[in-house]
Amino acid sequence: MKKTISDIELKNKKVLIRVDFNVPIQEGVITDDNRIREALPTIEYVIKHGGKAIVFSHLGRIKDESDKESNSLLIVSKRLSELIDKEVIFIPETKGEALENAINQLKPGDILMFENTRFEDIDGKKESKNDPELGQYWASLGDIFVNDAFGTAHRSHASNVGIASNIKTTVAGFLLEKEIKFIGESLENPQRPFVAILGGAKISDKIGVIENLLKIADHILVGGAMGYTFMRALGQETGTSLVEEDKIELAKYLLEKGNGKIIISQDVIVTKTFDKDAEKFVRQYTEIQADEMGMDIGPQTIKLFTSYVEKARTVIWNGPLGVFEFPRFAEGTKQLAVAIGKLHDQATTIVGGGDSAAAVIQYGLKDSFSHISTGGGASLEYLEGKVLPGIQCVDEK
Ligand code: ADP
Ligand code: MG
């Protein structure tokens with residue numbers, strides 16, 4: 001079990017809090033502040049318990065000086081201040097005397113934010129390559145390290161692993177704790193039946209996830225574009241559907257290895273063009289015509305997949321089952337989201353992956369799932385069964 005902020009004394013302590021405030025910004029305006037909102041419980045907990053909160057994050061990619069202005073965390077600190085309804089002292093530096101002095105003047109309950117950790121990438125990728133001196137320096141600014149940035153947990157950076165290796169106490173914030181609790185525990189010790197649902201664009205993005213889930217899940221339901229590569233592996237023609245020709249052999253291997261665990265669509269929705277208004281037809285997967293393209297799973301498959309979901313005690317879902325961006329081809333994704341949402345306390349239900357999570361939120365089902373994972377790449381690597389450095393560096397209880 002990993003230590004969390006609820007396990008430690010925070011009073012009067014300088015608490016370094018690594019958050020993921022990598023929010024989308026367009027022309028100086030934050031277009032989605034969800035990541036800031038999600039970090040509030042951890043920051044609020046720290047100040048409520050008399051800690052001095054020192055908050056920091058990366059934002060965007062920084063190659064040279066010209067990237068700095070559009071990737072400053074200043075506007076993020078302002079939004080944090082609005083959301084938490086308290087002053088947030090912003091220091092536009094990533095190190096140096098101004099930052100150190102400001103930290104030394106903090107009183108219990110104060111919040112300070114410093115500048116984008118990736119500004120340290122300009123001169124030799126110090127943040128992203130976990131430069132030992134940088135990690136040591138940041139660690140020297142605080143007494144305790146709280147890692148709450150799941151989105152970068154698959155990376156070994158100075159602002160997570162670097163700090164943790166140079167400070168006495170590293171704990172998980174509430175967000176990271178939730179990811180460990182749901183994804184980590186479901187993979188380690190799932191309630192069964194464990195049903196995995198995989199979709200999305202490419203098998204190649206998800207080979208590791210499929211291989212790992214083959215070892216753990218009882219059933220793997222496959223939809224989305226990757227389903228067509230599996231159909232080809234079974235010797236079927238799939239018309240103009242998206243197929244990764246060079247992954248057909250791999251799909252054959254996975255089907256064999258799965259020995260009945262992998263279940264593909266029986267019927268599919270096809271069109272003649274990739275268009276949001278295209279006329280649609282239902283086809284058995286064995287009857288897709290040369291000029292037809294698979295866009296969604298069909299009604300019979302929705303029923304089949306739903307019947308597996310209804311009996312499940314654990315569901316992990318990654319990847320939309322069709323081109324859900326077009327409402328006409330969102331039926332499979334939507335119906336499965338609804339079916340999973342209906343499980344409530346009967347099952348642990350997890351969705352990971354940027355697009356699938358967006359779909360669940362779009363259908364208003366966020367609160368019907370046990371857990372919506374917040375990190376795209378990190379969620380995938382976690383589902384692949386990899387040890388994430390940003391989790392590994394947290395102290396054990
Ligand atoms: P996630 O972000 O949840 O991990 P992916 O990024 O792997 O999911 O895949 C999402 C994309 O897959 C969506 O843009 C969706 O349109 C696409 N997709 C799903 N089914 C199909 C299909 N049958 N044909 C083409 N694209 C598809
Ligand atoms: Mg995606």
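Helices (H or I, at least four residues) and strands (E, at least two) are DSSP runs, numbered from the N terminus. With these elements, N259 is placed in the loop between α9 (248-258) and β11.

This is a predicted model, in which local features need pLDDT of at least 70 and side-chain atom pairs count only at pLDDT 80 or more, while totals for chains, interfaces and linings use all residues. Residues are numbered from 1 along each chain as its sequence is written, chains are lettered from A and ligands numbered from 1 in the order in which they are written, and side-chain values use heavy atoms, with hydrogens and water left out.

**Surroundings of ligand 1**

Ligand 1 is surrounded by 18 residues (a residue is near if one of its heavy atoms lies within 4 Å). The closest are K206, G294, E325, D355 and S356. By class, this shell has 6 nonpolar, 9 polar and 3 charged residues. Here Ala, Val, Leu, Ile, Met, Phe, Trp, Tyr, Cys and Pro count as nonpolar, Asp, Glu, Lys and Arg as charged, and the others, Gly among them, as polar. β14 (293-297) and α12 (354-362) each supply at least two residues of the shell. The largest share, 3 residues, comes from α12.

The table lists polar contacts of ligand 1 (a polar contact is a pair of N or O atoms within 3.5 Å; within protein, one must be able to donate a hydrogen and the other to accept it, and residues adjacent in sequence count only if both atoms are side-chain atoms).

| Ligand atom | Protein partner | Distance |
|---|---|---|
| Oxygen of ligand 1 | Polar backbone atom of A201 | 3.1 Å |
| Oxygen of ligand 1 | Polar backbone atom of G354 | 3.3 Å |
| Oxygen of ligand 1 | N or O atom in the side chain of S356 | 2.4 Å |

On its own, ligand 1 has 580 Å² of accessible area, and the protein covers 84% of this. Accessible areas come from the Shrake-Rupley method with a 1.4 Å probe; for residues, only the protein chains shown count as cover.

**Sheets**

Six strands form an open sheet in the order β11-β10-β9-β15-β16-β17, with parallel pairing. Two strands pair if DSSP finds at least two bridges between them. β11 (262-264) and β17 (371-372) are at the edges with a single partner strand each, so one side of each has no neighbour in the sheet. Within the sheet, β15 (residues 314-318) and β16 (residues 348-351) pair in the parallel sense over 4 bridges. W317 stands opposite V351 in β16.

β14, which contributes to the shell around ligand 1, pairs with β12 (residues 267-271) in the antiparallel sense over 4 bridges. V268 has I297 in β14 as its bridge partner. In β14, 5 of its 5 residues are buried (under 20% relative accessible area; exposed is over 50%, partly exposed in between, with a 1.4 Å probe and protein chains only).

**Buried residues and helices**

S186 lies in helix α6 (residues 174-188) and is buried, with a relative accessible area of 7%. Contact means heavy atoms within 4.5 Å. Not counting residues up to four places away in sequence, S186 touches K181, F194, T314, I316, T348 and I350.

S373 is in the loop between β17 and α13 (376-383) and is buried at 6% relative accessibility. The side chain of S373 makes a polar contact of 2.7 Å with the side chain of S379. What does S373 touch, not counting residues up to four places away in sequence? F150, E179, I183, V351, G352 and S379 are the residues in contact with S373.

S379 is one of the buried residues of α13, along with A378, L380, E381, Y382 and L383. With 6 of its 8 residues buried, α13 is largely enclosed by the rest of the structure. The buried residues of α13 pack against α6, α7 (207-216), β15 and α14 (389-392). After α13 comes G385, with a positive phi near 85 degrees.

Helix α8 (residues 226-233) is mostly covered, with 7 of its 8 residues buried. G235, which follows α8, has a positive phi near 90 degrees.

**Backbone exceptions**

Most residues other than glycine have a negative phi, and most peptide bonds are trans. R192 and P193 are joined by a cis peptide bond with omega about 5 degrees. P193 is in the loop between α6 and β9 (194-198).

K125 is not a glycine but has a positive phi of about 50 degrees. K125 lies in the loop between β6 (111-114) and α4 (132-140) and is partly exposed, with a relative accessible area of 41%. N259, also not a glycine, has a positive phi of about 45 degrees and counts as exposed at 69% relative accessibility.
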